Structure formats: structure tokens, C-alpha cells
Amino acid sequence: MGRAFEFRKERKFKRWAKMAVQFTRLGKEIAIAVKESGPHPESNSRLRTAIQNAKAVNMPKDRIEAAIKRASEKDAKGYEEPVYEGYGPHGVPILIETATDNTNRTVANIRSYFTKAGGSLGKTGSLDFIFQRKSIFRFAATEDLNLEELELELIDGGLEELYVEADEEGNDIVVVQTSFEDFGNMQKLLEEKGIDVKSAKLERINLSTTEVSEEASAEVMKLIDKIEEDDDVQAVYHNMV
């Protein structure tokens with residue numbers, strides 16, 4: 001069938017693998033939300049957000065409902081959300097968010113990834129001066145949306161930045177950034193305005209950057225790829241450029 005077929009097949013497998021990882025991570029986020037505040041999204045804002053994010057990556061409805069049902073059971077396992085920080089090869093700072101039912105396993109795995117790559121795991125909070133937690137909302141940039149007017153209207157919700165970026169398909173996406181503390185305020189304001197938010201997340205924003213060579217970057221990315229393969233890992237951040 002030729003190289004073109006093999007290339008398309010490889011891309012499809014990679015896309016499926018990426019989706020599987022996303023679904024697993026979102027399933028944990030749903031479970032954590034249910035354990036915290038119950039299985040009803042109308043009264044559980046974190047669950048409502050998790051479902052919203054799951055739909056944004058086309059997670060099947062029955063899989064979302066199954067995750068809620070499992071988490072609602074009395075004997076369902078709970079998750080802790082430790083954050084690990086360290087320096088990878090060439091002194092690149094790396095922050096890792098996890099969701100785990102066994103912190104001993106998770107920290108042992110994370111430490112081994114750093115050690116084998118020539119890096120080191122640091123203390124919690126050691127990278128606070130590099131990564132700042134922010135509330136990030138994304139939604140489609142429709143033709144009838146006046147961004148200048150919207151920017152003024154969102155100030156009351158704690159708006160810090162509003163800009164447009166392209167998604168994986170090249171479509172324009174509006175990005176709204178607020179402080180970590182203003183997540184709920186902005187979420188409520190966007191809902192009141194009837195804006196169809198595609199994703200609402202707490203993300204880490206770089207306050208500084210670390211410049212490395214192309215060869216060094218490849219080494220660091222090899223470590224990051226290894227960390228992201230771990231089932232306990234929810235997100236990985238670095239400031240490498």
C-alpha cells in the first residue's frame with residue numbers, strides 16, 4: 001500500500017494514543033470532582049468544568065457518565081494531587097502535576113525519570129518563582145463576537161489578558177486569562193454571557209525562560225515524553241526555549 005498509507009496509519013495510531021491519554025486524565029479529573037462535591041454538575045462547578053473539558057476533546061458521553069458513576073460508588077478509590085518540581089538535563093526547570101492513589105509509587109517513578117536523565121527532583125515550591133498558576137478559558141472566535149467590547153465586559157471577572165490563538169486545525173480560538181483565584185468569577189461571568197467555553201483549566205504560565213541548544217532540547221524532551229507516559233501524570237510544564 002506504500003509509504004503514504006503507512007504514514008497515515010502511524011498518524012492515526014498516534015492520535016488514538018493521545019486521545020486515550022487525554023481520556024484517562026479527564027476521567028481522573030471527573031472522579032476527583034465527584035469525590036469532592038458530588039455527582040451533579042449543576043451544583044458541582046469542578047465537575048461541570050471537567051465534563052466541559054472532556055467534551056472539548058470528544059470524550060464519548062457514555063464514558064463520561066461511566067466515570068461519574070464509578071466515582072459515586074462508596075468503595076471507589078480517591079486520588080491525591082501532588083505536584084513535583086525539579087531540574088532536567090541542562091538545568092531546565094520542570095513542574096509535574098499528578099493525580100494518584102499511591103503517592104509512594106508516583107514519587108518513586110518521577111524521581112527515577114529525573115535521575116536516569118541526569119536531572120534531579122527538588123522540593124515542593126522550589127519553582128514557584130518560575131511557574132505561576134493561572135485560570136485559562138478558551139472558546140471559538142465567532143464573527144459576531146466583538147473582542148474589544150468583550151474585553152471591557154470581562155474586567156469585572158478579573159480579566160488579565162485576552163488574545164486569539166490558532167488551534168490544531170488552524171481555527172481562531174479566543175483565550176481569556178485570569179488569576180488562579182478568579183477562576184470561579186470568570187467561569188460564572190462567561191456562563192452568564194452565554195459564551196460556549198470549549199475548555200476551562202488551571203495552567204502554569206512561565207515567568208522566565210531557559211534557552212538551550214537544539215541537541216539539549218532533544219534530551220529534555222526525551223525526559224518530558226517519558227514523564228508524560230506515566231499514568232499518574234496529569235500535566236507537565238517547562239520553560240525551555
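Modeller: In this predicted model, a residue is called buried when its relative accessible area is under 20%, exposed when that area is over 50%, and partly exposed in between.

Biologist: Why, then, is Glu 81 called partly exposed?

Modeller: The relative accessible area of Glu 81 is 40%, and because partly exposed covers what lies between the 20% and 50% limits, Glu 81 belongs to that class. Its partner Arg 46, at 24% relative accessibility, is partly exposed too.

Biologist: What makes the pairing of Arg 46 with Glu 81 a salt bridge?

Modeller: The closest N and O atoms of Arg 46 and Glu 81 are 2.8 Å apart, and the rule asks for a side-chain nitrogen of Lys or Arg within 4 Å of a carboxyl oxygen of Asp or Glu, so the pair qualifies as a salt bridge. The pair links distant parts of the chain, with Arg 46 in helix α2 and Glu 81 in the loop between α3 and β1, 35 residues apart.

Biologist: How many salt bridges does this rule give, and which residues does Glu 153 or Arg 138 pair with?

Modeller: The count comes to 14 salt bridges. Among them, Arg 138 meets Glu 165 at 2.9 Å, N to O, a pair that links strand β4 to strand β5 across 27 residues of sequence. Another joins Glu 153 and Lys 193, whose closest N and O atoms are 3.3 Å apart; here Glu 153 lies in helix α5 and Lys 193 in the loop between α6 and β7, 40 residues apart. At 38% relative accessibility, Glu 153 is partly exposed, and Lys 193, at 36%, is partly exposed as well. There is also one network, in which salt bridges that share partners join Lys 28, Lys 77, Asp 101, Arg 105 and Asp 232.

Biologist: Why does Met 59 count as buried?

Modeller: Met 59 has a relative accessibility of 5%, and since the limit for buried is under 20%, Met 59 counts as buried. This residue lies in the loop between α2 and α3, and, leaving aside neighbours within four places in sequence, Met 59 is in contact with Phe 23, Leu 26, Gly 27, Ala 54 and Ile 64.

Biologist: What makes the approach of Thr 49 to Gln 187 a polar contact?

Modeller: The contact between the side chains of Thr 49 and Gln 187 is 2.4 Å, which is to be set against a cut-off of 3.5 Å for pairs of N or O atoms. Thr 49 sits in helix α2 and is buried at 6% relative accessibility.

Biologist: How do you know that the buried residues of α4 lie on the same side of that helix?

Modeller: The buried residues of α4 are Thr 106, Ile 110, Tyr 113 and Phe 114, and they cover an arc of only 95° around the axis, which puts them on the same side. In general, an α-helix has 3.6 residues a turn, so residues three or four places apart point the same way. On the other side of α4, Asn 104, Thr 115 and Lys 116 are exposed, while the buried residues of α4 pack against β1, β2, β3, α7 and β8.

How values were computed
Residues numbered from 1 in each chain as written. Predicted model: local features only at pLDDT ≥ 70, side-chain atom pairs only at ≥ 80, totals over all residues. Heavy atoms only, no water. Helix = DSSP H or I, 4+ residues; strand = E, 2+ residues; numbered from the N terminus. Buried < 20%, exposed > 50% of the residue type's maximum accessible area, 1.4 Å probe, protein only. Contact = heavy atoms within 4.5 Å. Polar contact = N/O pair within 3.5 Å; in protein donor to acceptor, adjacent residues only side chain to side chain. Arc of directions from axis to C-beta.
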